[in-house]
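Please look at the sequence and the structure side by side, and keep both in view while you read. The paragraphs that follow go from the helices to the sheet, and then to the loops and the whole chain.

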Amino acid sequence: MGVEGDELVVASIPRNQKVRNRERDGRICLSIATGRKADNSLDEYLVVHGTARVTAGGAPEVLQRLAEVYIGPGVKFPALPDPPPGYVIRITPERFSGNGPWT
């Protein structure tokens, strides 16, 4: 997952269940664990409520950008000679909750 402007982005090469679910219903709720403890000694986590839209194409470019962040510079991802265009899910956050400095 990455951030583009005010949106979160997720990419998928296949039209998998995640993509089909978002095509059917744009409502989304993401839970993100940070792996840290908050000041109240409980695990930190962020919950993002929002709406998502799916666009066809652009997945290899998004995945390559994210790979540079998550795996490291110079990595080739997806490691396919000519990956299909895939799908990009763009999430517009509407409300945040959870346990951490954002609450």
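Which strands does helix α1 lie across, and at about what angle does helix α1 run to β5? Helix α1, which covers residues 17–24, lies across β2, β3, β4 (43–56) and β5 (87–99), and its direction is at about 80° to that of β5. Helix α2, made of residues 59–70, lies across β1, β2 and β5, and runs at about 110° to β2. Such angles run from 0 to 180 degrees between N-to-C directions, and the axes are lines fitted to C-alpha atoms, for helices over the stretch in contact, where contact means heavy atoms within 4.5 Å. Before going further, note that this is a predicted model, in which local features need pLDDT of at least 70 and side-chain atom pairs count only at pLDDT 80 or more, while totals for chains, interfaces and linings use all residues. Residues are numbered from 1 along each chain as its sequence is written, and side-chain values use heavy atoms, with hydrogens and water left out.

The protein has two helices and five strands, and along the sequence they follow the pattern β-β-α-β-β-α-β. These elements are DSSP runs numbered from the N terminus, with helices being H or I of at least four residues and strands being E of at least two.

In space, the five strands form an open sheet in the order β1-β2-β5-β4-β3, with antiparallel pairing; two strands are said to pair if DSSP finds at least two bridges between them. The edges of this sheet are β1 (2–4) and β3 (27–37), each of which pairs on one side only. On average, neighbouring strands of the sheet are turned by 40° against each other, direction ignored.

We can now walk across the sheet from one edge to the other. Three bridges join β1 to β2, the strand of residues 7–12, and the two run antiparallel; here glutamate 4 has glutamate 7 of β2 as its bridge partner. Two residues lie between these strands in their hairpin, where glycine 5 takes a positive phi near 65°. On to the next pair: β2 and β5 are joined by five bridges and also run antiparallel, with valine 9 standing opposite arginine 90 in β5. Between β4 and β5 there are twelve bridges, again in the antiparallel sense, and two of the facing pairs are alanine 56 with tyrosine 87 and histidine 49 with arginine 95. Finally, β3 and β4 pair over eight bridges in the antiparallel sense, and isoleucine 28 has glycine 50 in β4 as its bridge partner.

How many of the six residues of β2 are buried? Six of its six residues are buried, and the strand is described as mostly covered; a buried residue has under 20% relative accessible area, an exposed one over 50%, and a partly exposed one lies in between, with a 1.4 Å probe and protein chains only. In a regular strand the side chains alternate between the two faces of the sheet. In β2, Glu7, Val9 and Ala11 are buried on one side, while Leu8, Val10 and Ser12 are buried on the other, and both faces are covered.

The loops hold some further details. Serine 41 is located in the loop between β3 and β4, a hairpin with five residues between the strands. Its phi is near 70°, a positive value in a residue other than glycine, and serine 41 is exposed, with a relative accessible area of 54%. The loop between α2 and β5 contains proline 78, and the peptide bond that leads from phenylalanine 77 to proline 78 is cis, with omega near -5°. Proline 83 is in the loop between α2 and β5 as well, and touches Ile13, Pro60 and Pro78, not counting residues up to four places away in sequence. The C-alpha atoms of proline 83 and serine 97 are separated by 36 Å, although 14 residues part them along the chain.

Let us end with the whole chain. The C-alpha atoms fill a box of roughly 50 × 35 × 25 Å, taken along the principal axes, and of the 103 residues, 35% count as buried. Among the contacts with a separation of 6 or more, 71% come from residues 24 or more positions apart.
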